[in-house]
Amino acid sequence: MKKKHWFIWLLLPALFFTVGCKDDNGDPDPVWQATPYDFEIPIGFPTRLNIPDDNPLTVEGVELGRYLFYDGRMSGRTHPDSLMSCASCHRQERAFDLGADHPYYTDPDGRPWGLTGIKTPHATLPLFNLVWNHEGYLWNGMIHKGNTNLGSVAYNIPALPEYHMKNIESLVWMGIAAPHEMHGHPDRTVALFQTITDPDYPKLFERAFGTPEITYERMSKAVAQFIRTIVSSNSTAHKAWRGEANFTDMERMGWMLFMTEEGADCFHCHGGDGSPLMTTHLFYNNAKDTCFTGVCANPRDRYAVTGNERDRGAFKATSLINIEHQGPYMHDGRFATLDDVIQFYNSGLKYSEYAHPLMHKLFPPYYNGMSLNPIQLQQLKAFLLSLTDNELLTNPKYSNPRPDNPFFISW
Ligand code: HEC
Ligand code: HEC
């Protein structure tokens with residue numbers, strides 16, 4: 001034993017000497033490198049991820065992004081009344097959606113008030129599994145890789161490289177600049193972060209990007225990284241599909257209805273046919289309004305993006321994972337509860353020349369909807385509720401990193 005100890009004591013100084021020598025010889029300091037983030041693709045989820053080449057996920061980038069996501073000073077202001085964070089509207093306990101119970105910002109139509117009292121044009125979207133979306137972000141998919149319409153330069157959002165108006169990175173600046181959200185200016189937010197005396201930020205930036213410098217690009221990249229790591233894959237339904245849990249009989253019957261054309265016929269647009277994402281990420285007009293040109297002229301529908309007549313009144317068929325928490329429902333929040341939505345699909349469809357052909361229940365012999373009986377409706381609802389992933393809602397990885405700090409706000 002003693003011999004071994006002697007050996008180690010002899011070795012240690014030798015080790016220091018070798019390391020020291022390197023510097024003395026004028027070799028460059030070790031190159032800064034952030035730690036690659038180990039992104040685990042859940043069983044059955046697609047392997048193709050939407051991560052720009054120039055913004056790979058790193059442990060340190062994600063951590064910085066989490067801080068910024070919850071920091072109310074992203075609004076560019078520090079007065080308690082003027083704080084607003086991304087989490088003000090994207091709340092973890094509501095699957096990073098707003099939720100029908102939001103204490104301050106909700107009106108019955110589900111559109112929150114921005115910081116200066118202007119309403120968002122649409123209901124809020126949840127933030128999870130976005131790294132699998134290749135078809136475009138927002139209700140109409142305007143933010144998309146192939147986007148050539150860089151119209152929101154109107155908000156004075158600085159033109160960032162590559163992904164400007166094309167990916168989540170630019171949504172960070174839209175959140176800050178949009179009059180109906182933080183109603184700020186990116187310059188102001190960056191300037192504020194450059195001056196706030198917070199001992200952690202310089203370190204967080206340095207670890208994530210190599211130097212403590214605070215820039216537009218770094219802030220948006222970090223928040224986008226954090227958002228890309230938000231994964232929801234542990235609902236009862238997902239566990240049942242993986243053989244880790246069992247559906248109740250009600251849930252299983254509901255799933256069958258969901259998956260069959262004679263039943264509820266939901267799967268064409270909301271996935272579920274082998275895709276655990278529960279969305280196709282595509283855009284449809286789901287027959288909510290008697291619709292003809294003029295009536296369906298929504299300035300922010302899918303038509304506004306594509307100019308294709310068939311896209312009038314079409315919006316994204318959002319993921320139904322955590323749908324329990326996504327209310328009020330539809331892009332305009334017109335349905336307060338899940339029961340209202342089910343009732344709509346059962347007997348409330350409205351004829352429209354723009355309704356998507358996959359709205360089979362609009363056509364003979366149905367016309368108004370699924371026409372399910374009350375028990376089937378309960379089964380369908382039970383299945384939809386089995387898509388709630390409680391682990392997402394409470395996972396500390398995604399939570400407010402400083403709940404006790406008054407600047408860090410989550411609603
Ligand atoms: C005032 C409320 C509000 C705040 C604050 C807010 N958002 Fe949003 N967010 C929305 C609304 C509403 C939508 C849907 C807008 C639409 O499609 O018309 C949305 C959509 C998104 C989407 C697109 C999701 C998808 O599936 O396409 C992302 C990403 C996003 N927000 C990120 C952020 C980030 C990052 C911040 C902080 C910088 C932020 N949001 C702050 C209300 C808000
Ligand atoms: C033709 C495609 C299509 C079919 C079929 C369809 N949906 Fe939808 N669904 C959509 C679209 C598009 C939206 C968003 C529409 C909007 O916001 O205006 C939506 C929205 C929803 C929402 C609200 C989402 C939210 O976040 O607000 C729920 C819940 C829903 N659908 C459930 C169902 C169920 C259950 C079925 C089967 C009975 C079904 N859908 C069938 C396309 C479809």
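Begin with the largest nonpolar core of this predicted model, which holds 85 residues, and select L68, F69 and Y201, the members that touch the most others in it. Colouring the chain by domain is useful at this stage, for this core draws at least three residues from domain 1 (59–231) and at least three from domain 2 (236–391). In soluble globular proteins, nonpolar side chains tend to be buried together.

Stay with L68 and show its surroundings: once neighbours within four places in sequence are set aside, L68 is in contact with M74, F193, Y201, F205, M219, A222 and V223.

Turn next to the enclosed spaces, of which there are 2 with a volume of 30 Å³ or more. The largest cavity contains about 590 Å³ of space, and to find its centre you can select H270, N286, L320, M330 and Y345, which are the closest to that point among the 36 lining residues. Then highlight α9 (267–270), β2 (315–316), α11 (338–347) and α12 (374–385), each of which gives at least two residues to this lining; the largest share, 4 residues, belongs to α11. Coloured by residue type, the lining of the largest cavity shows 23 nonpolar, 8 polar and 5 charged residues, and both domain 1 (59–231) and domain 2 (236–391) supply at least three residues each.

Finish at the second largest cavity, where about 40 Å³ of space is found. To outline it, select N50, N133, H134, E135, G136, Y137, I143, H144, K145 and K166, a lining that divides into 2 nonpolar, 5 polar and 3 charged residues.

Notes. Residues numbered from 1 in each chain as written. Chains lettered and ligands numbered in written order. Predicted model: local features only at pLDDT ≥ 70, side-chain atom pairs only at ≥ 80, totals over all residues. Heavy atoms only, no water. Core = buried A, V, L, I, M, F, W, Y, C linked by side-chain atoms within 4.5 Å. Buried < 20%, exposed > 50% of the residue type's maximum accessible area, 1.4 Å probe, protein only. Domains from an automatic or database assignment. Contact = heavy atoms within 4.5 Å. 1 Å grid on protein atoms, 1.4 Å probe; cavity = no way out; pocket = protein on both sides within 12 Å on 5 of 7 lines; lining within 4 Å. Points joined across faces, edges and corners; volume = space filled by probe spheres on them. Nonpolar A, V, L, I, M, F, W, Y, C, P; charged D, E, K, R; others polar.
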